[in-house]
Amino acid sequence: PWKPVLLLLSPSAFSTTCARCAKDRRLRQKRAISERQLTRYFVDQRKVRVVGGQGGGGGHSFYSEPRKVFGGPDGGNGGDGGHVILKADEQMKSLSSVFPFYQGFHGERGGSKNCYGANGAHMYVKVPVGTLVKEDGKVVADLTQHGEEYIAAYGGAGGKGNRFFLSNENRAPKFFTPGEPGQERVLQLELKTTAHAGLVGFPNAGKSSLLRAISRAKPAVAAYPFTTLNPHVGIVHYQDYEQVAVADIPGLIRGAHQNRGLGMAFLKHIERCRFLLYVVDLSVPQPWIQLQDLKYELEAYEKGLSERPCAVIGNKIDLAQSRINLPLLRERVAERVIALSALTGDNLEELLLHLRELYDTYVKTEQSQGQSPVKW
């Protein structure tokens, strides 16, 4: 004779589809990501291949119904292909979301009963305000206003149906035309930084540390030159909800206007900065020579660039040698000198207040000229 046996099953043996059992499952921990991997670089260049949508083919049919067998041709034309359109959007701040290939939607084929095919939808590509569009090194568009559009690739025209070829000489045409292919182009998108303020200085002057101190941006900081290889943009928030964008331009060296060092690849970002913040290392001998060299490089790259509204930031005031050089710098510099330490945070309030003064002056100037200032 047999005896009943009681089996004890663990909760994990049951299905976990019910709500009570699902609570017993442990949540998977997210993989730890380093700060460097979390950093989103400011992508300023993109190479994009754009292809317009192909036009739909023409229709081929003859009308036929009871008591009207020979109704004649009734094939409609095909729809046009969609364009690829670049559209400036103030919400976009970088070219990092732009893909290397875009194609417009194809047009539909023409139908019977003289029905035309639908046109293909346009493909809109959002790019930041201030994007230059180049083809073979030549500027073909400059998107400087919000909502401004540029047709990067035209869609192909739709084919003709056999109804189109009806004539007195040919009462029953049987031929039709296919749709034309869309335009194909290879474009270079180039973004000149549209930040309000630009941090300009030599390598290891403390620009990245300063941007970390006044905003939530996290550029790389290290004790070797050219730590910053990509521009970073940080946003300074104020209590009245105004936002001032500050760009960390990679370090310049003597001869940068001749494409030495990182060269002109980053001098172009300073062109559209409304005002400049010269970051000078106070701990080096004769720090005023740094300011002279920086202004010379900017003026050699573009005349009048060094004359924009600016402020001189004397960084590393926490060092003993910096306190000695500070009064000497103020004697030889006509601009306002703000001494601070990006490492310890000393005197950052003065910089933030002066930054807001420069921003308010810029806004009033743009409004008085009937232009809309750049908002972030």
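**Notebook: a six-stranded sheet, its helices, and a histidine**

I began at one end of the sheet, where strand β13 (residues 310–315) is joined to β14 by three bridges, the two strands running parallel. Looking up one of the pairs, I found that Gly314 has Ala339 in β14 as its bridge partner. I note here that the model is a predicted one.

Next I traced the whole sheet, which is open and made of six strands in the order β10-β11-β9-β12-β13-β14, with mixed pairing. Its edges are β10 (232–237) and β14 (337–339), each of which pairs on one side only. I also looked up the twist, and on average neighbouring strands are turned by 25 degrees against each other when direction is ignored.

I then turned to the helices that lie against this sheet. Helix α3 (residues 207–214) lies across β9 (197–200), β10, β11 (243–248), β12 (275–281) and β13, and runs at about 160 degrees to β11. Helix α6 (residues 320–332) also packs on the sheet, where it touches β13 and β14, and its direction makes about 170 degrees with that of β14.

Helix α5 was my next entry: it covers residues 288–301, 14 residues in total, and reaches 20 Å from its first C-alpha to its last, close to the 20 Å expected at 1.5 Å a residue. The buried residues I listed in α5 are Trp288, Gln290, Leu291, Asp293, Leu294, Glu297 and Leu298. For reading such a list I keep in mind that an α-helix has 3.6 residues a turn, so residues three or four places apart point the same way.

I moved on to His83, which sits in the loop between β1 (45–51) and β2 (84–89). Is His83 buried or exposed? I record His83 as buried, because its relative accessible area is 18% and the cut-off for buried is under 20%. Leaving aside residues up to four places away in sequence, I found His83 touching Gly104, His122, Met123, Ile151, Ala153, Tyr154 and Gly155. With Gly155 there is also a polar approach, since the side chain of His83 reaches the backbone nitrogen of that glycine at 2.8 Å.

Last, I checked the cysteines. How many disulfides does a search of the whole structure find? The search finds zero. I looked up the accessibility of two cysteines as well: Cys273 counts as buried, at 0% relative accessibility, whereas Cys115 is partly exposed, with a relative accessible area of 42%.

Methods
Residues numbered from 1 in each chain as written. Predicted model: local features only at pLDDT ≥ 70, side-chain atom pairs only at ≥ 80, totals over all residues. Heavy atoms only, no water. Helix = DSSP H or I, 4+ residues; strand = E, 2+ residues; numbered from the N terminus. Expected span 1.5 Å × (residues − 1). Buried < 20%, exposed > 50% of the residue type's maximum accessible area, 1.4 Å probe, protein only. Disulfide = S-S within 2.5 Å. Pairing = 2+ DSSP bridges. Axes fitted to C-alpha atoms, helices over the stretch in contact; angles between N-to-C directions. Contact = heavy atoms within 4.5 Å. Polar contact = N/O pair within 3.5 Å; in protein donor to acceptor, adjacent residues only side chain to side chain.
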